[in-house]
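Work through these exercises with the structure open beside you. Try each task before you read its solution.

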Amino acid sequence: MLCPMLRVLICECKQEISSFNPVLGRYEDFSVSFGQQVIDAHRGVGSEVGGAISVFDGEPEVEMVPGYSAVAITSGGTVADADFARIAQEFLEAVRSARDVDGIYFAMHGAMAAQTEHDVEGYLLQEARKIVGERIPIVTSLDLHGILTDRIVEHSNAVVLYHTYPHVDFFETGQRSARLLLKILRGEVRPVTARVSIPALVRGVELRTETGKWGSCVRRAIAVENGPRGLSGGMFIGNPFTDVPELCSNVLLVTDDDAALAEREALAIANEFWGMREHLYQQLTPLDECVRLAAAETGHTVLVDAADATSSGASGDSNAILRALVEAGYKRTVLLPLVDPPAVDAAFLAGVGATVHVPLGGSLDPRFEPLEMECKVRMLFDGRFKNESHGSYWNGGRSALLESGNYMMTVTSKAVSLYDRSLFYAMGQDPLDFDTVIVKSPHCQFHMFEGPSKLYLNVDAPGSTSADVRSLGHTRCARPMYPLDAEVAFAPVAKLFRR
Ligand SMILES: [Zn+2]
């Protein structure tokens, strides 16, 4: 007897934004694919959709229905309304035109927001649910930096989230999502979800799941997921820079029809997290002290500018550390990345080998004042390069290597992820050849920067992704919120969801 085919729709929409980056995200900032392109782009790739495909490929009775994918090339500012409307229309059209599907897998991030719609993922789920009806199971995967909302949970049969930070389980998250969807489709499980919200925004080294304090909360959630009644579990710490009404931290546990277990464990994990909240902050060193320490050092020095982390949504055009070094008369060699479209234009106009006088930094985020420098144009290129982390291609747009005295700058016209050495390598620069490197990412793999360094400083610089979250000026998230407010009470409540 032939088994009936299970038709599974796959759609993807992923972006993470900082509300404090003034540059609006555009449709062009996304890599968009339709239909079969979605499968072709992900099969064999270490992404969530790639992981889901690897599971579905092994199930003869599953027929994949590839729908739509819009993945931001890197994190950025709030997505402009019109551009989000286009993405939503294309996403929902893919849902509408997929006929007779039995189940849906949505790969999302959770920290995307548009100017008016602050819960993009919840909106897409709500509208998709209207199209497919109540009966079709939907499993949604999210980044643990996602902002969990009631709408996301209400319209998903189950939510699955990353277990690792730095993230190394994209593929496994997709696999877990696909397996759970199949269990639901086969009637083997009845998911019930417990969500406990915690009024805390956290950021720092203790959030590394393998080595940080927070890891114990995640491991406890994983133990529930892997237990006899567990289906999914983890903790969302949110992206503290995505200032939206439901921004906070959350425990989420999904069990097979065991609400008591989900509720009890979610409350326990939330209490454990609340107890450690004061330790979940990054110690930052004042900028002037960093300059002094770096000047006195003779070994390889890394200045971490996580306040301008493009992979967290910052604009990448901070010159705060550069300015402080220049003003202090810093003599050691420095390598740094910068997003600066007008400076790149000037370099292209002048040509390789020419000297340009350009204002550097602050062309996007007005909190930085441009710094006039005389630079030699050492290299020009189209900005496309293979990244060392995943092997996929990134694109910083037209780019220039500018040299000014002891400063070497990799200047791109668009923000590009900076959590590894790829951009430096693409422009022929080895960070180890410099006394000092400015790294615009909170956490990179140890061997890339921290391992080889003699001095490694987390700099307290201004920026739209500063770990000093109190410096940012949140206006939309619920208050009181730790650490934005002095007095924050926590009375944990588990909300239960079942569909
Ligand atoms: Zn993340």
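**Exercise 1. Find the residue in strand S9 that stands opposite Gly230, then place both in their sheet.**

Solution.
- Step 1. Gly230 stands opposite Thr255 in S9. Helices (H or I, at least four residues) and strands (E, at least two) are DSSP runs, numbered from the N terminus.
- Step 2. Note the ground rules. This is a predicted model, where local features need pLDDT of at least 70, side-chain atom pairs count only at pLDDT 80 or more, and totals for chains, interfaces and linings use all residues. Residues are numbered from 1 along each chain as its sequence is written.
- Step 3. Look at the strand pair. S8 and strand S9 (residues 249–256) are antiparallel and share 6 bridges. Two strands pair if DSSP finds at least two bridges between them.
- Step 4. Widen the view. The open sheet has 4 strands, ordered S8-S9-S7-S21, with antiparallel pairing. Its edge strands, S8 (230–236) and S21 (494–498), each pair on one side only. Neighbouring strands are turned by 15° against each other on average, direction ignored.

**Exercise 2. State which strands helix H7 and helix H8 lie across, and at what angles they run.**

Solution.
- Step 1. Take helix H7 (residues 215–226). H7 lies across S8 and S9 and runs at about 165° to S8. Axes are lines fitted to C-alpha atoms, for helices over the stretch in contact, and angles run from 0 to 180 degrees between N-to-C directions.
- Step 2. Take helix H8 (residues 259–276). H8 lies across strand S7 (191–198), S8, S9 and S21, at about 20° to S7.

**Exercise 3. Describe how domain 1 and domain 2 are arranged.**

Solution.
- Step 1. Set the bounds. Domain 1 covers 6–280 + 493–498, and domain 2 covers 285–466. These bounds come from an automatic or database domain assignment.
- Step 2. Give the separation. The domain centres, taken over C-alpha atoms, are 32 Å apart.
- Step 3. Count the contacts. In domain 1, 17 residues are in contact with 18 residues of domain 2. Contact means that the C-beta atoms, placed from the backbone, lie within 7 Å.
- Step 4. Sort the domain 1 side by class. The residues there that touch domain 2 are 7 nonpolar, 8 polar and 2 charged. Ala, Val, Leu, Ile, Met, Phe, Trp, Tyr, Cys and Pro count as nonpolar, Asp, Glu, Lys and Arg as charged, and the others, Gly among them, as polar.

**Exercise 4. Classify two helix pairs: H3 with H4, and H9 with H10.**

Solution.
- Step 1. Recall the two descriptors. Packed helices are described by the angle between their axes and the distance between the axes.
- Step 2. Start with helix H3 (residues 81–97) and helix H4 (residues 120–132). Their axes cross at roughly 30° and come within 10 Å. H3 and H4 are therefore roughly parallel to each other. Angles under 35 degrees count as roughly parallel, over 145 as roughly antiparallel, 65 to 115 as roughly perpendicular and the rest as oblique.
- Step 3. Check the residues. Among those in contact are Phe84 and Phe91 of H3, and Tyr123 and Ile131 of H4. By class, the H3 contact with H4 has 11 nonpolar, no polar and 2 charged residues.
- Step 4. Turn to helix H9 (residues 287–296) and helix H10 (residues 320–327). They pack at about 55°, with axes 10 Å apart. That angle makes H9 oblique to H10.
- Step 5. List the partners. From H9, Leu287, Asp288 and Val291 meet Ala320, Ile321, Ala324 and Leu325 in H10. This contact has 6 nonpolar, no polar and 1 charged residues.

**Exercise 5. Trace the sheet that contains S20 and find its edges.**

Solution.
- Step 1. Write the order. The open sheet of 9 strands runs S10-S20-S11-S19-S12-S18-S17-S14-S13, with mixed pairing.
- Step 2. Find the edges. S10 and strand S13 (355–360) each have a single partner strand, so one side of each is left without a neighbour in the sheet.
- Step 3. Check an antiparallel pair. Strand S14 (residues 371–381) and strand S17 (residues 399–404) are joined by 5 bridges. Here Met379 stands opposite Leu401 in S17.
- Step 4. Add a helix. H9 packs on the sheet and touches S10, S11, strand S19 (436–439) and S20, with its direction at about 160° to that of S20.

**Exercise 6. Locate the cis peptide bonds at Pro166 and Pro483.**

Solution.
- Step 1. Tyr165 and Pro166 are joined by a cis bond, with omega about -5°. Pro166 is in the loop between strand S6 (158–161) and helix H6 (170–185).
- Step 2. Tyr482 and Pro483 are also joined by a cis bond, with omega about 0°. Pro483 sits in the loop between S20 and S21.

Key. Two residues are in contact if their C-beta atoms, placed from the backbone, lie within 7 Å.
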